[in-house]
Amino acid sequence: MSTLIEALFETVGDPLWIVSPQLELTRFNPALETLRNHGLDPLDAWWRDLARRVLAGRSVTADAHVVVEGVDRTFRVTGTPAGSDGAVFLARDVTDVRPRQRDDHLELAVTRIFTADKPLQEALDDVLEFICESDDWDCAVLWLADPTRTNLEPTALWSRRGVDATKFHARVRELHFNRGQGIPGRAWLRDEVVWVADLLDESGMMRAEAAASAGLHGVVAVPLRETDRIVGVLEVLTRAVRPMSEQLRRSLARAGESLGRLIVRQQLMELIERKGQEWSLTFDAIELPVFITRMDGTIARLNRAARDLAGADFLDVLGKHIRMAPQQPWVTLGDVVDAVRDTHTPCTAQVAVQDAHWDVNASWYRSAADAEERVILAMRDTTEVTRLQESVRRGEQLAALGELVAGVAHEVRNPIFGMGLTVDALEETLRHDPEVMELFGILRAWLTRLNGLMESLLEYGKTWTLDLREGTVDSVVSGVVERCRQIASGSGISVDAEIQPGLNMLMDANRLSHAFENLINNAIQHSRPGQSVEVRVAAAGPSTIECQVRDLGPGFDPFDLPKVFQPFFTKRRGGTGLGLSIVQRIVDEHGGTITARNADAGGAVLTMRFPMYRRSTDAQ
């Protein structure tokens with residue numbers, strides 16, 4: 001027997017014994033006798049199996065639990081190969097170093113981890129670390145059943161510092177166990193704690209090599225139960241060949257039940273939160289403004305389009321009454337909510353705010369979440385539809401009116417021409433009478449005015465064939481501005497222009513030029529000497545061209561604004577009331593819009609918007 005072993009028997013007071021290659025107890029010290037008297041027999045089946053592993057050339061560690069004088073004691077047993085002498089075993093009392101944790105303490109700690117408001121993955125990582133650190137396990141794997149519940153998938157892994165489990169973790173991530181397959185699958189199938197003394201004994205050897213690289217041997221698989229079903233399996237592993245006591249089995253089984261319930265609860269909470277986020281994103285993706293109110297009209301929910309309409313953040317609007325301002329659309333929305341509250345039937349309305357139009361639909365429903373009654377309002381933007389309908393209606397009216405006035409103008413034009421010839425003849429006869437000649441001058445002025453009116457009527461009623469071609473707006477407007485400057489300079493009025501070059505649109509250049517000329521001349525006529533007319537042309541977004549003509553005159557009477565584009569409406573002495581009507585017709589022909597308003601600083605502003613033209617190659 002070696003000198004080292006002799007020295008051990010002389011100096012070590014802990015239980016010490018030697019097992020021969022024939023699995024016989026060949027030597028032991030008196031300290032072992034105490035343990036043998038309390039149930040630890042080095043020759044029983046479990047310890048003989050442990051000895052075989054040591055005799056095969058591996059050092060192993062295992063825990064033994066014995067009751068000495070009524071106290072549950074824990075001994076850490078280390079087995080070391082000793083060549084021809086066999087295997088040497090040393091047991092150290094570690095009861096005070098690593099006190100046993102009570103079952104309820106483990107369950108309480110796991111519960112606290114899950115109530116720390118962490119994502120499920122972080123909570124699982126913390127649970128594995130706590131279980132291993134509190135009960136001396138070196139590695140852990142948590143397997144959860146996939147959505148189809150046909151196999152187990154690795155969800156969380158943990159290993160103690162100092163344990164190189166890189167290869168083991170990589171191998172585990174590659175695996176999926178079916179029911180009854182491997183150690184996790186057996187725990188799932190049997191619905192009981194499965195203990196394997198050494199992973200080298202695992203059926204199929206799927207992880208044995210990777211486990212050996214980390215020095216892992218003993219493994220316990222614990223089913224995770226939630227009421228009547230298994231939702232996963234917890235595996236804890238150790239480098240020691242650790243026996244399974246009934247107390248440890250019971251403790252792990254209870255931890256598995258608690259952990260299973262907590263995992264399912266956390267999964268449900270995260271599912272609810274995820275569905276809530278999906279619903280919120282879907283709700284916000286609706287382009288229509290949608291409000292959900294209580295029956296008293298206070299806002300309980302609104303989507304992004306509704307927040308944009310309100311011009312405020314979600315929390316700023318939440319809880320406010322839908323009639324949040326004394327103007328439209330809020331007044332109508334409040335009236336609609338009142339109507340639904342009183343009748344419990346759907347209600348519709350139409351709202352117009354300046355150039356914007358909405359159809360409002362409101363319905364009553366009972367919330368499934370709290371059983372309270374609600375009103376849901378959806379606002380459909382009908383601005384474009386209304387504009388197109390108005391354009392078609394106006395076009396039909398203008399076409400009918402144009403035919404009428406053109407016919408009248410043509411019939412009146414001949415008598416006016418005859419009256420002019422008659423005046424010429426009379427003037428030749430009576431040219432020597434000064435008083436009569438003065439009357440002839442007045443008569444000619446009225447004939448000139450009538451003739452101008454007839455020309456305007458013919459222009460208005462004329463049927464045009466548009467020749468739309470690609471062109472730049474600046475090429476049209478620049479020429480018009482130069483011609484109008486010559487007219488304006490005679491009255492001491494300037495025309496200032498700011499024109500963005502290169503803005504393409506499909507246009508009939510002659511017709512478009514006529515529209516700009518009408519607007520600029522109209523602005524000059526309403527300006528006083530020393531004032532200026534401003535012309536602005538620029539892009540308004542990626543697909544719109546905006547053209548403005550502004551003067552500094554008296555502006556429009558607010559009551560007249562809805563009528564300024566109607567034919568024959570004018571308050572200018574000597575005006576025909578057809579200028580802006582002709583401009584609107586030309587703008588309609590080009591697929592655009594025109595609006596009139598008063599500037600805050602005074603004066604009138606006429607704004608035309610046209611669709612920008614891009615070739616398909618430009619868009620790419």
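Here a biologist and a modeller talk through some features of a predicted model.

Biologist: Let's start with the aromatic rings. How many aromatic pairs does the structure hold?

Modeller: There are 3 aromatic pairs in the structure. One of them joins Trp 17 and Phe 89.

Biologist: Why is the pair of Trp 17 and Phe 89 called stacked?

Modeller: Look at the angle: the planes of Trp 17 and Phe 89 are 10° apart. Planes under 30 degrees apart count as stacked, so this pair earns the word. The ring centres are 5.6 Å apart, and the limit for a pair is within 6.5 Å.

Biologist: What does the pair of Trp 17 and Phe 89 tie together?

Modeller: Trp 17 lies in strand 1 (residues 16-19) and Phe 89 in strand 5 (residues 87-93), so the pair ties together parts that are 72 residues apart in sequence. Both residues are buried, too.

Biologist: And what makes Trp 143 and Phe 177 an edge-to-face pair?

Modeller: Here the angle between the planes is 65°, and over 60 counts as edge-to-face. Centre to centre, the two rings are 5.0 Å apart. This pair also links distant parts of the chain: Trp 143 belongs to strand 6 (residues 139-145) and Phe 177 to strand 8 (residues 177-178), 34 residues apart.

Biologist: How do you know whether Trp 143 is buried or exposed?

Modeller: Its relative accessibility is 0%, and buried means under 20%, so Trp 143 counts as buried. Phe 177 has a value of 0% as well, so Phe 177 counts as buried.

Biologist: Which residue lies over the face of Trp 188?

Modeller: That is Arg 179, at 4.1 Å from the ring centre. Arg 36 lies over the face of Phe 28 in a similar manner, at 5.5 Å from the ring centre. The distance limit is within 6 Å, and 5.5 Å and 4.1 Å both meet it.

Biologist: Now the sheet. In what order do the strands of the open sheet come?

Modeller: The 6 strands follow the order 8-7-6-11-10-9, with antiparallel pairing.

Biologist: Why is one side of strand 8 and of strand 9 left without a neighbour?

Modeller: Strand 8 and strand 9 (194-196) stand at the edges and each has a single partner strand, so one side of each has no neighbour in the sheet.

Biologist: How do you know that strand 10 and strand 11 pair?

Modeller: Pairing needs at least two bridges, and 9 bridges join strand 10 (residues 218-226) to strand 11 (residues 229-238). Within this, Pro 223 stands opposite Val 233 in strand 11.

Biologist: On to the surface. Which residues make the nonpolar patch of about 340 Å²?

Modeller: Leu 439, Ile 442 and Trp 446 make it. Ile 442 lies in helix 14 (residues 434-461).

Biologist: Why is Ile 442 called partly exposed?

Modeller: Buried is under 20% and exposed is over 50%. Ile 442, at 43% relative accessibility, falls in between, so it counts as partly exposed.

Biologist: What is the phi of Asp 191?

Modeller: It is near 55°, a positive value in a residue other than glycine. Asp 191 sits in the loop between helix 7 (182-190) and strand 9. With a relative accessible area of 32%, Asp 191 is partly exposed.

Biologist: Where is His 344 found?

Modeller: His 344 is in the loop between helix 12 and strand 14 (347-353). Its phi is near 55°, and its relative accessible area of 35% makes it partly exposed.

Methods. Residues numbered from 1 in each chain as written. Predicted model: local features only at pLDDT ≥ 70, side-chain atom pairs only at ≥ 80, totals over all residues. Heavy atoms only, no water. Phe/Tyr/Trp six-rings, centres within 6.5 Å; stacked < 30°, edge-to-face > 60°. Helix = DSSP H or I, 4+ residues; strand = E, 2+ residues; numbered from the N terminus. Buried < 20%, exposed > 50% of the residue type's maximum accessible area, 1.4 Å probe, protein only. Lys NZ or Arg CZ within 6 Å of the ring centre and 35° of its normal. Patch = residues over 30% accessible without salt bridge, like charges linked within 9 Å, V, L, I, M, F, W, Y side chains within 5 Å. Areas by Shrake-Rupley, 256 points an atom, 1.4 Å probe, with all protein chains shown as cover. Salt bridge = Lys/Arg side-chain N within 4 Å of Asp/Glu carboxyl O.
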